[in-house]
Amino acid sequence: MSERLLKIESLHAGYGGVDVLRDINLEVNSGEFVSVVGPNGAGKSTLFKTISGIVTPRLGSIFYKEHNLEKVASSRRAHLGIAHVPEGRQVFSSLTVLENLELGAIASRNPGKQSDNLEKIYEWFPVLKDRQKQLAGTLSGGEQQMLAIGRGLMAAPEILMLDEPSMGLAPAIADNIFERLIEIHQSSSMSILLVEQRVAEALHFASRAYVIEAGSIILSGVPAELQDNDRIRQAYLGM
């Protein structure tokens with residue numbers, strides 16, 4: 001039976017006393033690929049920020065394995081095995097590709113394996129090896145997204161949280177990013193928690209999925225069940 005890595009129960013969180021998330025219940029098990037889909041403004045990014053500690057919950061609990069994350073400083077959560085790749089890529093433009101990747105290794109649980117991790121990332125994203133001495137700010141949008149993912153992977157996480165990795169990318173580039181994510185998932189024991197507006201792709205690749213609207217999870221299940229749901233087909237799949 002798979003180990004449960006992440007468990008969120010009855011979570012309420014938001015900004016300035018106003019809840020964006022309401023009664024969220026979600027879990028991710030070891031080795032799973034879990035997608036969270038929904039429209040703009042549904043609370044998807046707030047969910048990730050709450051897991052990472054950027055936003056403080058008002059009610060509810062978040063457990064990562066045996067750790068109550070409410071008692072773990074946000075700066076320490078990456079050291080537990082949680083990597084958060086935020087929306088908008090947010091690479092360090094004035095640093096080289098290699099320097100960006102090396103920064104990701106600061107939170108690594110296995111510092112002695114930094115060289116091995118780097119070689120794996122170069123295998124998954126060969127363009128990063130080709131551009132390793134290039135300033136990150138001069139990369140294309142797709143290359144910056146690959147770098148942001150690579151930086152998260154340098155920490156050798158157990159769970160990789162990806163917030164809208166296709167945002168602002170041409171469809172062909174986004175498809176390439178998704179293909180690499182599948183390769184990473186299949187060739188490692190890493191769990192992936194994906195927030196994504198490209199619902200068809202997010203459901204296609206996931207083991208399980210959650211649908212969030214207006215801060216609440218309205219549906220969850222295996223992708224085939226969600227794809228057969230008339231509401232999802234009409235609202236998100238154009239069917």
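The following exercises, each with a worked solution, concern a predicted model of a protein chain.

**Exercise 1.** Determine how the radius of gyration of the chain relates to the value from the globule rule.

*Solution.*
Step 1. Begin with the secondary structure: the chain contains 10 helices and 10 strands.
Step 2. For 239 residues the globule rule gives 18 Å, and the radius of gyration of the chain is 17 Å.
Step 3. These values are close, so the chain is as compact as a globular protein of that length.
Step 4. Along the principal axes, the C-alpha atoms fill a box of roughly 45 × 45 × 40 Å.

**Exercise 2.** State what percentage of the residues is buried, and describe the contacts and the surface of the chain.

*Solution.*
Step 1. A residue counts as buried under 20% relative accessible area; 51% of the 239 residues are buried.
Step 2. Among contacts with a separation of 6 or more, 68% join residues 24 or more positions apart.
Step 3. The accessible surface is about 10900 Å², and carbon and sulfur atoms account for 49% of that area.

**Exercise 3.** Describe the largest nonpolar core and the surroundings of Leu-160.

*Solution.*
Step 1. The largest nonpolar core comprises 44 residues; Phe-125, Leu-128, Ile-149, Leu-153 and Leu-160 have the most contacts inside it.
Step 2. Helix 7 (residues 171-186) gives the most to this core, namely six residues.
Step 3. Beyond its neighbours within four places in sequence, Leu-160 contacts several residues, including Ala-83, Val-85, Ile-149, Met-190 and Leu-193.
Step 4. Another core, of 28 residues, lies apart from the largest one; Leu-6, Leu-11, Val-34 and Ile-159 are among its members.

How values were computed. Residues numbered from 1 in each chain as written. Predicted model: local features only at pLDDT ≥ 70, side-chain atom pairs only at ≥ 80, totals over all residues. Heavy atoms only, no water. Helix = DSSP H or I, 4+ residues; strand = E, 2+ residues; numbered from the N terminus. Rg over C-alpha atoms; globule rule 2.2 N^0.38 Å. Buried < 20%, exposed > 50% of the residue type's maximum accessible area, 1.4 Å probe, protein only. Contact = heavy atoms within 4.5 Å. Areas by Shrake-Rupley, 256 points an atom, 1.4 Å probe, with all protein chains shown as cover. Core = buried A, V, L, I, M, F, W, Y, C linked by side-chain atoms within 4.5 Å.
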